[in-house]
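The following exercises concern the backbone and the buried residues of one protein chain. Please study the sequence and the model before reading each solution.

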Amino acid sequence: MSRLFTILLLFTCFAAQAQTRPSPKDILTDEKLLVKDSVGKVLEYKEWRPLILTGNYVIRSIYRAKDTTHTLRHITPEEKARFAVMRPTTPPVPPADPGPQAPQLNPDDEPVNQPAPSESFPVGAKLNMLSAKDMDGKWVDNKATKGKIVVLNFWFIGCPPCKAEIPELNKLVAENAADPDIIFIAIGLDRKWEISDFLKTHPFNYRQVAEARRYCDGYGIKLYPTNVIIDKQGIIRYSAVGYGQNYMAWMKKTIRDIKKID
């Protein structure tokens, strides 16, 4: 119940002021609502509503005299913290008997709440690998990735969740640095010089493919970031859209599981 309240509160706070407008609850249940992502692509109800319910996204509505625009955007940690203190408080409830306590999980245990796979990259399908050169002039194609575990990240500089996950992605690269059979490739929408400037102050230790909008459009990607993991046979074993707390645990598990099979 508290999560639903927070989601509705976020809708209220992010919507622009107007004399008449639908309530946040009405927006959340409106299957015909025209919602666009951060790069202007139109999203279907089944795509944007699950992201809203995670509590990590909000729709920003701007009401004008002649039209209304609704844009899906990621909530920054600072915004989540600010809205968290706006929740109504309730009197403390005496704790119930917790019963037997579950053992504490360690990093190698099974993570919970697996992210829904990206519709662009269904798990179990074979990936049609792009054919492009990275920013160092090295090819990224079927030949270069054959027999490798491939971790892909689709992103762009103006995407807050894309930037938020980079430190965790860098840790993932470091943890697998000794394994020559796994490669990490970031496929960005921005121009090469823009990514080069960004990397000077925001290290991102994936191989970088720049100006890749046509590849992203070819895959049908509508939301960013999108992460994909492919096994050595070119089969998709993990995909997810956005950035959440448990995403990295599932990426690590997927890589471990692929290595066990090999």
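**Exercise 1: Backbone exceptions**

Glu211 is placed in the loop between strand S9 (207-209) and helix H8. Helices (H or I, at least four residues) and strands (E, at least two) are DSSP runs, numbered from the N terminus. The model is predicted: local features need pLDDT of at least 70, side-chain atom pairs count only at pLDDT 80 or more, and totals for chains, interfaces and linings use all residues. Residues are numbered from 1 along each chain as its sequence is written, and side-chain values use heavy atoms, without hydrogens and water.

Task: State the sign of phi at Glu211, and find which residues a cis peptide bond joins.

Solution. Step one: Glu211, although not a glycine, has a positive phi of about 50°. Step two: the cis bond joins Tyr224 and Pro225, with omega about -5°. Step three: Pro225 lies in the loop between H8 (213-219) and strand S10 (226-230). For context, most residues other than glycine have a negative phi, and most peptide bonds are trans.

**Exercise 2: Helix H3**

Task: Determine which residues of helix H3 (residues 45-53) are buried (under 20% relative accessible area, 1.4 Å probe, protein chains only).

Solution. Step one: the buried residues are Tyr45, Glu47, Trp48, Leu51 and Ile52. Step two: viewed down the axis of H3, they fall within an arc of 165° (taken from the directions from the helix axis to the C-beta atoms), so they line one face of the helix. Step three: after H3 comes Gly55, with a positive phi near 85°.

Definitions and conventions. Buried means under 20% relative accessible area, exposed over 50%, partly exposed in between (1.4 Å probe, protein chains only).
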